[in-house]
Amino acid sequence: MTSALRRKAAEMASAAAAAQCFSSYSSFPGTWALRQRGGARVLQLSSRRSFCVSAAADGFDNQNREYVIVGGGNAAGYAARTFVQHGMADGRLCIVSKEPVPPYERPALTKGYLFPPEKKPARLPGFHTCVGSGGERQTAEWYKENGIEVLYEDPVVAFDGKTQTLKTSSGKILKYGSLIISTGCEASRLPEKIGGKLPGVHYIRDVADADSLVSSLGSAKKVLVIGGGYIGMEVAAAACGWNLDTTIVFPEDHIMPRLFTPSLAKKYEDLYQQNGVKFIKGALIDKLEAGSDGRVSSAVLKDGSVVEADTVIVGIGAKPVVGPFEAVGVNPEVGGIEVDSLFRTSVPGIFAIGDVAAFPLKMYNRIARVEHVDHARKSAHHCVETLLTSQTKAYDYLPYFYSRVFEYEGSSRKVWWQFYGDNVGETVEVGNFDPKIATFWIDSDSRLKGIFLESGNSEEFSLLPQLAKSQPIVDKSKLQAAASVEDALEIARSSLQSAPLF
């Protein structure tokens, strides 16, 4: 037999084996899968049922097609873990990411990653998912070992629901059986015409952004942070670790206006000022100006005043990355891909998780989109459980936010606060911020709706979700008279005994 005939026979045998794999897919307990080993494609018997395909044979560029996750952020990493836990990843799961590295715990980028070199900054692979929740560190090797196909630096740019295909920026055509949209958010940016793209102007959403900022901080003299929310406050705290002249400018009356009360904000503003940070409140940016070297040199405010800065960090919010999946259904009020309580979109077989998902916030009876790592983790797990099992339990999320700043070596005061629930109703503040302070939100029916605690211990922090979930009736006058945060928490704890089950 000639070499050409031998090659032809081998190809026919391979195709026949693959066809048998497909035909027995739903019933055979152990299936033959085509796997790449070096330069050869071989048949391998797997104890798990596998979706066996040859990428080159049918014009599609992904080998794992049964489940495809678009996006490589926090939620994707936790979804991958759940697939592996169910034994449904090997040969079946493909992740398509715009990032050059596997999913990681994104909160580190505005916290430990920005510490100066001598103060032990966080670096990859130290914070790949799922270490943030005490799980295994899922490096690139972990994905390979678990048979997960990951396409790096190749975001999806087109989607066809009828043919169940995706197109990536490099031109790859991908096939999917079930699709999970996990595209997250992108930073809101200042327009280019007012200096939003000048050298020295930074936004933070990924490791490359954080690396660029660290490089700037190493030579910076004057730092301007635009925005008084999460990003602004965490980046400003990190800049203090570099002993830099730091100013925060924002249009509101106080920092963290979506969560903090004016009184609570004042405590944190005082702490930042003690660390040398200056605040410019009630101000808007008119434009950023460049110096003779083309790099940003100052910001001009709407009132005409000028703030000198050689490094600018813009933290003015984020917007969900819904493209190219708009046809799946976008919620007009909160943005994001609209899903039900099982993270199913309006299109069968397509799901959305994490920051991009607009989901029913069951306990408050409203549609919400939550930009937080806790929701990214939990929504990913819930979605995959729904996809792989007979689970029909509705996602019942309790809003949770936290921040940890000034944690670098040599800091005189570390900050770590947590909030659970809904910040609606009247507030009762207890404590003097030395170091503890607590704020309770109480509605007109005397129910505890939300609770904030700074510098709690593990037992105190663990009480917060119990209180926010149960929404007990509390005696506001007793809270107001509490002599300490510890006393106030005990008053709230005692009210749990009479709380109804929601």
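How much accessible surface does the chain have, and what share of that surface belongs to carbon and sulfur atoms? The accessible surface comes to about 22,300 Å², and carbon and sulfur atoms account for 51% of it. Keep in mind while reading that this is a predicted model. My notes follow.

1. Overall make-up. The chain has 502 residues, and 53% of them are buried. Its secondary structure adds up to ten helices and 28 strands. If you take the contacts with a separation of 6 or more, 60% of them come from residues 24 or more positions apart.

2. Aromatic pairs, starting with Phe-260 and Trp-417. A search of the whole structure turns up 27 aromatic pairs. In one of them, the ring centres of Phe-260 and Trp-417 are 5.7 Å apart and the planes sit at 65°, so this pair goes down as edge-to-face, the cut-off for that being over 60 degrees. Phe-260 comes from the loop between β13 (245-249) and α6 (262-274), while Trp-417 belongs to strand β25 (residues 415-421), so the pair ties together parts 157 residues apart in sequence. Both partners are buried: Phe-260 has 5% relative accessibility, and Trp-417 has a relative accessible area of 4%.

3. The neighbour in sequence, Trp-416. Trp-416 pairs with Phe-461, and here the geometry is tilted, with 5.1 Å centre to centre and 45° between the planes. Since Trp-416 is in strand β25 and Phe-461 in helix α8 (residues 458-470), this pair ties together parts 45 residues apart in sequence. The two partners are not covered alike: Trp-416 is partly exposed at 29% relative accessible area, whereas Phe-461 is buried at 5%.

4. A ring cluster. Ring pairs join Tyr-230, Phe-260, Tyr-268, Phe-401, Trp-417, Phe-433 and Phe-452 into a cluster. Phe-433 deserves a second look for its backbone: its phi is positive, about 65°, although it is not a glycine. Phe-433 sits in the loop between β26 (426-430) and β27 (437-442) and counts as buried, at 9% relative accessibility.

5. Another phenylalanine to check. Phe-343 also has a positive phi, about 70°, without being a glycine. You'll find Phe-343 in the loop between β20 (337-338) and β21 (350-352). With 0% relative accessibility, Phe-343 counts as buried.

6. Arginines over rings. Arg-123 lies over the face of Tyr-113, 4.1 Å from the ring centre. Arg-189 does likewise with Tyr-203, at 4.3 Å from the ring centre.

7. Helix α2. This helix covers residues 74-85 and has twelve residues; it reaches 17 Å from first C-alpha to last, close to the 16 Å expected at 1.5 Å a residue. Nine of the twelve residues are buried, among them Tyr-78, Thr-82 and Phe-83. What do the buried residues of α2 pack against? They pack against β3 (67-70), β4 (93-96), α3 (140-145), β9 (178-181) and α7. Just after α2, Gly-87 takes a positive phi of about 70°.

8. Helix α7. One of the packing partners of α2, helix α7 runs over residues 373-388, and its 16 residues should span 22 Å at 1.5 Å a residue; the end C-alpha atoms are 23 Å apart, which agrees. The helix is mostly covered, with 14 of its 16 residues buried.

9. Tyr-408 and its surroundings. Tyr-408 is in the loop between β24 (400-405) and β25, and at 5% relative accessibility it counts as buried. Leaving out residues up to four places away in sequence, Tyr-408 touches Phe-115, Lys-119, Ala-237, Cys-240, Gly-241, Asn-275 and Lys-414. Take Gly-241: it is 167 residues from Tyr-408 in sequence, yet the two are 6.8 Å apart C-alpha to C-alpha.

10. Cysteines. How many disulfides does the structure hold? Zero. Cys-240, one of the residues touched by Tyr-408, is buried at 8% relative accessible area. Cys-185 is buried too, at 7%.

11. Cis peptide bonds. Two bonds are worth a look before you set up any calculation. The bond from Leu-124 to Pro-125 is cis, with omega near 10°, and Pro-125 is in the loop between β4 and α3. The bond from Thr-129 to Cys-130 is cis as well, with omega near 15°; Cys-130 has its place in the loop between β4 and α3.

Notes
Residues are numbered from 1 along each chain as its sequence is written. This is a predicted model: local features need pLDDT of at least 70, side-chain atom pairs count only at pLDDT 80 or more; totals for chains, interfaces and linings use all residues. Side-chain values use heavy atoms; hydrogens and water are left out. Rings of Phe, Tyr and Trp (its six-membered ring) pair if their centres lie within 6.5 Å; planes under 30 degrees apart count as stacked, over 60 as edge-to-face and the rest as tilted. Helices (H or I, at least four residues) and strands (E, at least two) are DSSP runs, numbered from the N terminus. Buried means under 20% relative accessible area, exposed over 50%, partly exposed in between (1.4 Å probe, protein chains only). A charge sits over a ring if NZ of Lys or CZ of Arg is within 6 Å of the ring centre and within 35 degrees of the ring normal. The expected span of a helix is 1.5 Å times one less than its number of residues. Contact means heavy atoms within 4.5 Å. Accessible areas come from the Shrake-Rupley method with a 1.4 Å probe; for residues, only the protein chains shown count as cover. A disulfide is a pair of cysteine sulfur atoms within 2.5 Å.
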